[in-house]
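The following exercises concern a cavity and a sheet. Each task is followed by a worked solution.

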Amino acid sequence: MAARRALKAVLVDLSGTLHIEDTAVPGAQEALQRLRATSVMVRFVTNTTKESKKDLLERLKKLEFDISEDEIFTSLTAARNLVEQKQVRPMLLVDDRALPDFKGIQTSDPNAVVIGLAPDHFHYQILNQAFRLLLDGAPLIAVHKARYYKRQDGLALGPGPFVTALEHAADTKATVVGKPEKTFFLEALRSTGCEPEEAIMIGDDCRDDVGGAQNVGMLGILVKTGKYRAADEEKINPAPYLTCDSFPHAVDHILQHLL
């Protein structure tokens, strides 16, 4: 691993770290302001596939987070970029609210499958349709493979189990574009001009947020909000750089020890 350099960029996960659905994590807005008062660049990285970037921004504004659209990098953006690169016509297995992020993409007579979190579409007929396309050689693009995520009523299945079911049935491997993929973190950092050794990631998912970031050479802070469960920090090697109670505590640590 490259030697650490002065901290220049902080990547922050959204759902589970700054907010859970329509409720902000206590103190998160004020902590973000404190972080912004320093010289570091802040970017927001999210695997959310339930809503478009525009809807996501609206939700964050309602919760009084000071965030602009060009600071957010989503796995939907990464999936769209890949669809355009491959020049395919995807069957979009995503939530209807995420469709605006694929505006202008040709989807009739599909020859690829893009799968995100789409609870209303995960039923036998539609999954079988996707399975048949894959059998005919269509590539499978997974927006991400998270096992589960946190809702206000408790933990809920993520897209990962459904992606794995299609991989298993069609004997294929998905191209995954969201966290924890290395390219996702590198793309998110690109707009900052920083190297991974100059960046830190804060998130509630030990594998996708922290493990993924540490695999590219960043430091990772795991917060005990959102989907965090006891002893999550023991599930990855190397362990998180730091495990703390919440985003405000992570910001305290950065301000006291890393700047």
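A cavity is here a set of grid points where a 1.4 Å probe fits but cannot get out. The structure under study is a predicted model.

**Exercise 1.** Determine how many cavities of 30 Å³ or more there are, and describe the lining of the largest cavity.

*Solution.*
Step 1. The count comes to one cavity of 30 Å³ or more. The volume of the largest cavity is about 280 Å³.
Step 2. The lining of the largest cavity comprises 22 residues, of which S15, N47, H144, Y149 and K227 are the closest to the centre.
Step 3. Two or more residues of this lining are given by each of the elements β9 (148-151) and α7 (206-215). The largest share, three residues, belongs to β9.
Step 4. Sorted by character, the lining holds nine charged, eight polar and five nonpolar residues.

**Exercise 2.** Establish the order of the strands in the open sheet of four strands, and explain why β6 and β11 each have one side without a neighbour.

*Solution.*
Step 1. The order is β6-β7-β8-β11, and the pairing is parallel.
Step 2. β6 (90-93) and β11 (175-176) stand at the edges with a single partner strand each, so one side of each has no neighbour in the sheet.
Step 3. Two bridges join β8 (residues 140-142) to β11 in the parallel sense. In β11, V176 is the bridge partner of A142.

**Exercise 3.** Identify which strands helices α3 and α4 lie across.

*Solution.*
Step 1. Helix α3 (residues 75-86) lies across β6, β7 (112-115), β8 and β11, and runs at about 155° to β8.
Step 2. Helix α4 (residues 124-135) lies across β6, β7 and β8, at about 150° to β6.

Methods: Residues are numbered from 1 along each chain as its sequence is written. This is a predicted model: local features need pLDDT of at least 70, side-chain atom pairs count only at pLDDT 80 or more; totals for chains, interfaces and linings use all residues. Side-chain values use heavy atoms; hydrogens and water are left out. On a 1 Å grid over the protein atoms alone, a cavity is a set of points where a 1.4 Å probe fits but cannot get out, and a pocket is an open set with protein on both sides within 12 Å along at least five of seven lines; lining residues have an atom within 4 Å of a point. Grid points are joined across faces, edges and corners, and a volume is the space filled by probe spheres set on the points. Ala, Val, Leu, Ile, Met, Phe, Trp, Tyr, Cys and Pro count as nonpolar, Asp, Glu, Lys and Arg as charged, and the others, Gly among them, as polar. Two strands pair if DSSP finds at least two bridges between them. Contact means heavy atoms within 4.5 Å. Axes are lines fitted to C-alpha atoms, for helices over the stretch in contact, and angles run from 0 to 180 degrees between N-to-C directions.
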